[in-house]
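User: I would like a close look at one part of this model. Please keep it brisk, then place that part in its surroundings.

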Amino acid sequence: MAISFETVTIMRSGALGDIVLTLPAVSSVKKSNQDSSLHLIFPKFISELTSADYFTDVGGIPVSALYIADSEIPHDLRKLLAKTHLLLAYSTDSNFLESRLQQLTDGKVVVWDPRPPTGYDQHITKHLLQPLQNLGVSTLGSKVELCLPDGKMLSNHLKTRQRVIVPSRKVIALHPGSSNVSKCWPPEKFSQLIRLLVDVDLNVILLLGPVEKEHFQQFTRGITTKVDIVMPSSVAQLAIELRNADLFVGNDSGPGHLAAAVGTTTLSLFGPTNPNIWGPIGSKAHILIAQGGDLKKMDVETVFDSIFEILEQQ
């Protein structure tokens with residue numbers, strides 16, 4: 001029989017991809033504990049796309065006190081943690097954090113290292129679900145669940161800027177960034193790909209995050225105004241753009257995981273990282289792997305041809 005807990009707190013910091021890949025664990029808790037109270041201590045950026053009884057910003061000052069010995073925990077956070085029956089914290093700082101959390105609750109405390117063990121070759125979501133399975137919580141049917149913006153929000157967002165999208169043509173959303181430069185296909189190759197896609201009359205949306213904004217001219221060199229350059233102000237707005245694309249193309253990055261989560265077909269370009277572990281989830285996720293793990297060796301024609309193969313299957 002599956003175990004359930006009256007009040008559950010899940011804690012996780014990290015970038016967008018890390019958080020999206022942790023959401024199957026959240027869905028498992030919700031499914032197995034339908035009458036339970038759920039408290040998420042996650043990055044603020046994901047709050048618009050998740051559903052919980054309580055949400056605390058993991059990057060906020062109250063939570064930071066958990067990592068400082070003898071620091072006073074704010075009353076509201078202390079109160080929430082005190083009534084938790086299961087507190088699952090994904091953290092690499094297991095010994096100190098576990099001891100700290102055990103002082104704040106009489107419930108079960110589990111601190112789980114989110115990094116895959118050496119030699120691990122299964123998808124990372126299986127590793128992140130393991131502590132729940134160890135507790136007897138059912139993880140059958142676990143999936144990424146998002147609270148997507150409604151149609152009204154979508155309509156209002158699209159009116160906030162001038163679009164260059166032609167409705168009758170397929171929409172390709174490109175995101176050229178990643179958390180590590182070694183995981184990025186070279187900017188000049190993205191630029192060449194964009195020109196090829198525009199030349200065959202495809203709608204192209206170039207999605208730029210905070211890092212890419214500083215160097216966006218590298219990706220737009222020689223490109224006409226036919227390209228819709230979008231700099232989403234929130235993860236919710238990014239989800240809107242991704243949901244309305246026919247295909248997402250990008251590196252091993254958070255937007256690729258988010259695109260797969262909202263149901264968009266994805267083509268992810270992998271270099272040094274293992275797609276068996278880190279690939280986007282779902283049957284509509286496609287992978288291209290660079291020779292020798294070096295994305296500089298992946299040519300533009302290979303990516304261009306793969307895009308058309310995928311579009312023809314739709």
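Which residues of helix α10 are buried?

Analyst: This is a predicted model. In α10, the buried residues are V235, A236, L238, A239, I240, E241 and L242. The helix spans residues 235–243 and is mostly covered, with 7 of its 9 residues buried.

L242 leads from the helix to the core. The largest nonpolar core holds 44 residues. L242 is among those with the most contacts inside it, along with I10, F42, L49, L132 and L258. Helix α1, residues 16–32, supplies the largest share of this core, 8 residues.

L132 is another of these core residues. Setting aside neighbours within four places in sequence, L132 touches A25, S28 and V29. Its other contacts on that basis are L86, L88, V137 and T139.

Now S27, which lies in helix α1. Its relative accessibility is 6%, so S27 counts as buried, the cut-off being under 20%. Beyond neighbours within four places in sequence, S27 is in contact with S142, K143 and E145.

Next, L148. This residue sits in the loop between α5 (124–134) and α6 (151–158). L148 has a relative accessible area of 34%, so it is partly exposed: that class runs between 20% and 50%. With neighbours within four places in sequence left out, L148 contacts L49, R243 and V262. R243 falls within the residue range of α10, 235–243, and L49 is one of the core residues with the most contacts. L148 and E48 are 100 residues apart along the chain, yet their C-alpha atoms are separated by 8.3 Å.

There is also a second, separate core. It has 27 residues, including I194, V198, M298 and I307. I307 also appears in a helix pair: α7 (residues 187–199) and α13 (residues 300–313). The axes of these two helices come within 10 Å and cross at roughly 45°. That angle lies between 35 and 65 degrees, so α7 and α13 are oblique to each other. Their crossing is right-handed.

The pair can be read residue by residue. From α7 come K189, Q192, L193, L196 and L197. They meet V300, V303, F304 and I307 of α13. By class, the residues of this contact divide into 7 nonpolar, 1 polar and 1 charged.

Key. Residues are numbered from 1 along each chain as its sequence is written. This is a predicted model: local features need pLDDT of at least 70, side-chain atom pairs count only at pLDDT 80 or more; totals for chains, interfaces and linings use all residues. Side-chain values use heavy atoms; hydrogens and water are left out. Axes are lines fitted to C-alpha atoms, for helices over the stretch in contact, and angles run from 0 to 180 degrees between N-to-C directions. Helices (H or I, at least four residues) and strands (E, at least two) are DSSP runs, numbered from the N terminus. Angles under 35 degrees count as roughly parallel, over 145 as roughly antiparallel, 65 to 115 as roughly perpendicular and the rest as oblique. A crossing is left-handed if the near helix is turned anticlockwise from the far one by less than a right angle, and right-handed if clockwise. Contact means heavy atoms within 4.5 Å. Ala, Val, Leu, Ile, Met, Phe, Trp, Tyr, Cys and Pro count as nonpolar, Asp, Glu, Lys and Arg as charged, and the others, Gly among them, as polar. A nonpolar core is a set of buried Ala, Val, Leu, Ile, Met, Phe, Trp, Tyr and Cys residues joined through side-chain atoms within 4.5 Å. Buried means under 20% relative accessible area, exposed over 50%, partly exposed in between (1.4 Å probe, protein chains only).
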